[in-house]
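Student: I am new to this structure and would like a close look at a single part of it rather than a quick tour of the whole. Please choose one place, begin with any term I will need, and then work outwards from there in connected steps.

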Amino acid sequence: MTDSPAPQEPWEQPGWLSPEEFKASEGVEDWRVLGDAVYAFFRTDSFATSARLVQAIAELPAVDGDHQPDVDLRHEGVTIRLTTIPADRFFCGHSARDVEIARQISAAARELSIPADPTRVQHIQVSVDALVIPDVMPFWREALGYEFRRDTDEDVVDPRGRGPSFWFQQMDAPRTQRNRIHVDIAVPPEQVETRIAAVLAAGGRQADPDHPWVLSDPEGNEVCLG
């Protein structure tokens with residue numbers, strides 16, 4: 001009897017890029033890998049300018065029917081999220097197609113003289129500790145109006161693509177000394193220390209001396225910031 005192979009990370013599958021490989025790709029300086037996607041924000045001076053950028057993105061050769069960016073258009077700028085979701089797997093990740101789309105979007109923004117501002121991107125996920133996930137999950141799914149992420153029963157997502165995902169972490173025993181719901185906040189790596197310092201200056205505390213990114217407010221409500 002042979003041991004089963006260890007499960008692979010998404011980027012260990014053929015055709016996938018690790019976060020480091022994506023970041024090392026040429027022409028993606030405007031983009032940041034956060035969570036399971038890559039993000040960019042392009043700062044504009046009006047709603048009309050934002051709309052022109054989105055129209056330019058819609059006409060790019062790399063943007064086709066089965067691989068499109070998620071776009072949030074505001075009067076002050078456009079936030080774009082790129083990820084690849086294969087039909088036969090639940091995970092999201094980064095592929096060479098995401099690199100090409102990112103390059104073309106950045107080039108379109110430059111042609112319109114619209115600058116990128118990486119300080120404006122972040123990714124948020126709410127994590128819930130649960131002893132029996134199948135008992136807890138239905139409550140949150142119905143309360144939020146969310147759906148299961150494809151092929152998994154550990155997290156639910158906003159079908160409208162706007163709200164943060166909720167991930168359910170299996171616990172072996174009650175953890176009464178700490179809050180059982182916390183927020184995971186991913187920001188660009190170059191901003192982590194500044195954001196942590198700002199949180200501490202605003203009354204936050206380091207909740208775990210071995211993990212400086214685990215922070216809490218004065219009443220013990222936690223975030224993981226990194």
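Tutor: The term to settle is "buried": a residue counts as buried when its relative accessible area is under 20%, as exposed when that area is over 50%, and as partly exposed in between. Please also keep in mind throughout that this is a predicted model.

The place to begin is Thr83, which sits in the loop between β5 and β6, the latter covering residues 94-95. Thr83 counts as buried because its relative accessible area is 13%, and that value falls under the 20% limit. In sequence Thr83 and Val38 are 45 residues apart, yet in space their C-alpha atoms are separated by 6.6 Å.

To see what surrounds this loop, turn to the strands. Four of them make an open, antiparallel sheet, and their order across the sheet is β2-β3-β5-β4. At its edges lie β2 (32-34) and β4 (70-74), each of which pairs on one side only. On average, and with direction ignored, neighbouring strands in this sheet are turned by 25° against each other. Within the sheet, β3 and β5 are joined by six bridges in the antiparallel sense, and one position to look for in the picture is Phe41, which stands opposite Thr79 in β5. Helix α2 packs on the sheet, where it touches β3, β4 and β5, and its direction makes about 160° with that of β4. Helix α3 packs on the sheet as well, touching β3 and β5, with its direction at about 165° to that of β5.

These strands and helices also meet in the nonpolar interior. The largest nonpolar core has 23 residues, and those that touch the most other members are Phe22, Trp31, Phe42, Ile80 and Ile105. At least two residues of this core come from each of β3 (37-43), α2 (47-58), β5 (77-82) and α3 (96-111), and α3 gives the most, with six residues. As background, nonpolar side chains in soluble globular proteins tend to be buried together.

Strand β3 has one further link worth following. A search of the whole structure finds eight salt bridges, and in one of them the side chains of Arg43 and Asp117 meet, with 2.3 Å from N to O. This pair links distant parts of the chain, since Arg43 is in strand β3 whereas Asp117 is in the loop between α3 and β7, 74 residues apart. The two partners fall into separate classes of exposure: Arg43 is partly exposed because its relative accessibility is 35%, whereas Asp117 is buried because its relative accessibility is 14%.

Following the chain onwards brings you to another set of paired strands. Strand β7 (residues 123-130) runs parallel to β10 (residues 165-170), and six bridges join them; here Ala130 stands opposite Gln170 in β10. Strand β10 also pairs with β9 (residues 155-157), this time in the antiparallel sense and over two bridges, with Trp167 in β10 as the bridge partner of Asp155. Asp155 is buried because its relative accessible area is 7%, and, leaving aside neighbours within four places in sequence, its contacts include Met137, Phe148 and Phe168.

A second, separate core of nine residues includes Val126, Ile133, Met137 and Val156. Among these, Ile133 is found in helix α4 (residues 133-144) and is buried because its relative accessible area is 8%. Much as with the loop residue that opened this walk, a distant part of the sequence can be located beside this one: Ile133 and Gln169 are 36 residues apart along the chain, while 7.8 Å separates their C-alpha atoms.

Notes:
Residues are numbered from 1 along each chain as its sequence is written. This is a predicted model: local features need pLDDT of at least 70, side-chain atom pairs count only at pLDDT 80 or more; totals for chains, interfaces and linings use all residues. Side-chain values use heavy atoms; hydrogens and water are left out. A nonpolar core is a set of buried Ala, Val, Leu, Ile, Met, Phe, Trp, Tyr and Cys residues joined through side-chain atoms within 4.5 Å. Buried means under 20% relative accessible area, exposed over 50%, partly exposed in between (1.4 Å probe, protein chains only). Helices (H or I, at least four residues) and strands (E, at least two) are DSSP runs, numbered from the N terminus. Two strands pair if DSSP finds at least two bridges between them. Axes are lines fitted to C-alpha atoms, for helices over the stretch in contact, and angles run from 0 to 180 degrees between N-to-C directions. Contact means heavy atoms within 4.5 Å. A salt bridge is a side-chain nitrogen of Lys or Arg within 4 Å of a carboxyl oxygen of Asp or Glu.
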